[in-house]
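Thanks for coming. I have one structure for today, and I will go through it piece by piece.

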Amino acid sequence: MPPIPGSGLAKGLAVTLRTMTRRTVTAQYPDAQPELPPRSRGVIGLFEENCTVCMLCARECPDWCIYIDSHKETSPPAAPGGRERSRNVLDRFAIDFSLCMYCGICIEVCPFDALFWSPEFEYAETDIRDLTHERDKLRDWMWTVPEPPALDPGAEEPKEIAAARKTAEKLEAQRAQEAQRAQEEQAEQAEQATQAVQAQQQDDQEGPA
């Protein structure tokens, strides 16, 4: 059946009439802040303590908007006879948000959880050159990152948490052994001191005779 002439116009006018009869709601921003979803993609926060300067985020970024500078530091051996270790120290971590397309690849590829999505969105600038934010600003945005959703009650414990718990339990056991060993040494030293005092007293008593 062919369409009735003018039916499309009638439908369009019906939509217009329905819209006209609704109350207009205007969000008075910035006086009224928008209610954003909890996991909104606003900006990228940096947790620099986890950054190992592996450069993976900068290499995988399709826009090449991440700038990282670092230097190497040598740490002394942990035990006598060991070898010195070198590690990368982060000097600069900046993101040019005038180039960033918010794809999230850098966050996904980071192997040490140093980058996170923050719902912060108020970072407009009057000069495009000011949209390159350094690590201090990225660090401030890190504290606006919401906590991750809770795991399901029946979910398997993450491997990272299990490994951290094992390490903590091992360190606690070592500390307990060291404390027990120290107590035994103190008790032994006290007993030796008591025996020495008793021997001295016995010598003093036998001396005049």
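I start with a single side chain, serine 40, which reaches the backbone oxygen of proline 37 at 2.6 Å. Before going on: this is a predicted model, and every value I quote is computed from it.

Serine 40 sits in the loop between H1 and E1. Is serine 40 buried or exposed? The relative accessibility is 14%, so serine 40 counts as buried; the cut-off for that label is under 20%. What does serine 40 touch, not counting residues up to four places away in sequence? The contacts are Trp117, Ser118 and Pro119.

The loop between helix H1, residues 7-21, and E1 also holds leucine 36. Leucine 36 has a relative accessible area of 40%, so this residue is classed as partly exposed. Leucine 36 belongs to a nonpolar patch on the surface, together with Tyr29 and Phe121. The accessible area of these three residues together is about 270 Å².

Next, the strands. E1 covers residues 43-46, and both of its faces are covered. On one side Val43 and Gly45 are buried, and on the other side Ile44 and Leu46 are buried as well. What does E1 pair with? The partner is strand E4, residues 115-118, in the antiparallel sense, over 4 bridges. One residue pair to pick out on screen is glycine 45 with its bridge partner in E4, phenylalanine 116. Two of the residues I listed for serine 40, Trp117 and Ser118, fall in the residue range of E4, 115-118.

There is also an open sheet of 3 strands, in the order E2-E3-E5, with antiparallel pairing. Which strands are at the edges? They are strand E2, residues 66-75, and strand E5, residues 132-133, each of which pairs on one side only.

Take the E2 side of that sheet. E2 and strand E3, residues 85-96, run antiparallel and are joined by 10 bridges. Two residue pairs can be used to follow the register. Tyrosine 67 has alanine 94 as its bridge partner in E3, and aspartate 69 has arginine 92.

On the other side, E3 and E5 are joined by 2 bridges, again antiparallel. Here isoleucine 95 has histidine 133 in E5 as its bridge partner.

Now the charged side chains. Side chains of opposite charge can pair when their charged atoms come close. How many salt bridges does the model have? The count comes to 5 salt bridges, and I will go through some of them.

Glutamate 48 forms a salt bridge with arginine 135, and the closest N and O atoms are 3.6 Å apart. The cut-off here is within 4 Å, so the pair counts. The two residues come from distant parts of the chain, 87 residues apart: glutamate 48 is in the loop between E1 and helix H2, residues 56-60, while arginine 135 is in helix H4, residues 135-142. As for burial, glutamate 48 has a relative accessible area of 24% and is partly exposed. Arginine 135, at 23%, counts as partly exposed too.

Glutamate 48 has further links. Leaving aside neighbours within four places in sequence, glutamate 48 is in contact with Leu90, Arg135 and Arg139. Leu90 lies in the residue range of strand E3, 85-96. There is also a C-alpha to C-alpha distance to report: glutamate 48 and aspartate 136 are 9.6 Å apart in space and 88 residues apart in sequence.

Another salt bridge joins the side chains of glutamate 49 and arginine 139, at 2.3 Å from N to O. This pair also links distant parts of the chain, with glutamate 49 in the loop between E1 and H2 and arginine 139 in helix H4, 90 residues apart. Is arginine 139 buried or exposed? Its relative accessible area is 18%, so arginine 139 is buried.

The last salt bridge I will show is between the side chains of aspartate 127 and arginine 129, at 2.8 Å from N to O. Aspartate 127 is partly exposed, at 24% relative accessible area, whereas arginine 129 is exposed, at 66%.

To recap the links to helix H4: the loop between E1 and H2 supplies glutamate 48, paired with arginine 135, and glutamate 49, paired with arginine 139. That is where I stop.

Key: Residues numbered from 1 in each chain as written. Predicted model: local features only at pLDDT ≥ 70, side-chain atom pairs only at ≥ 80, totals over all residues. Heavy atoms only, no water. Buried < 20%, exposed > 50% of the residue type's maximum accessible area, 1.4 Å probe, protein only. Pairing = 2+ DSSP bridges. Patch = residues over 30% accessible without salt bridge, like charges linked within 9 Å, V, L, I, M, F, W, Y side chains within 5 Å. Areas by Shrake-Rupley, 256 points an atom, 1.4 Å probe, with all protein chains shown as cover. Polar contact = N/O pair within 3.5 Å; in protein donor to acceptor, adjacent residues only side chain to side chain. Contact = heavy atoms within 4.5 Å.
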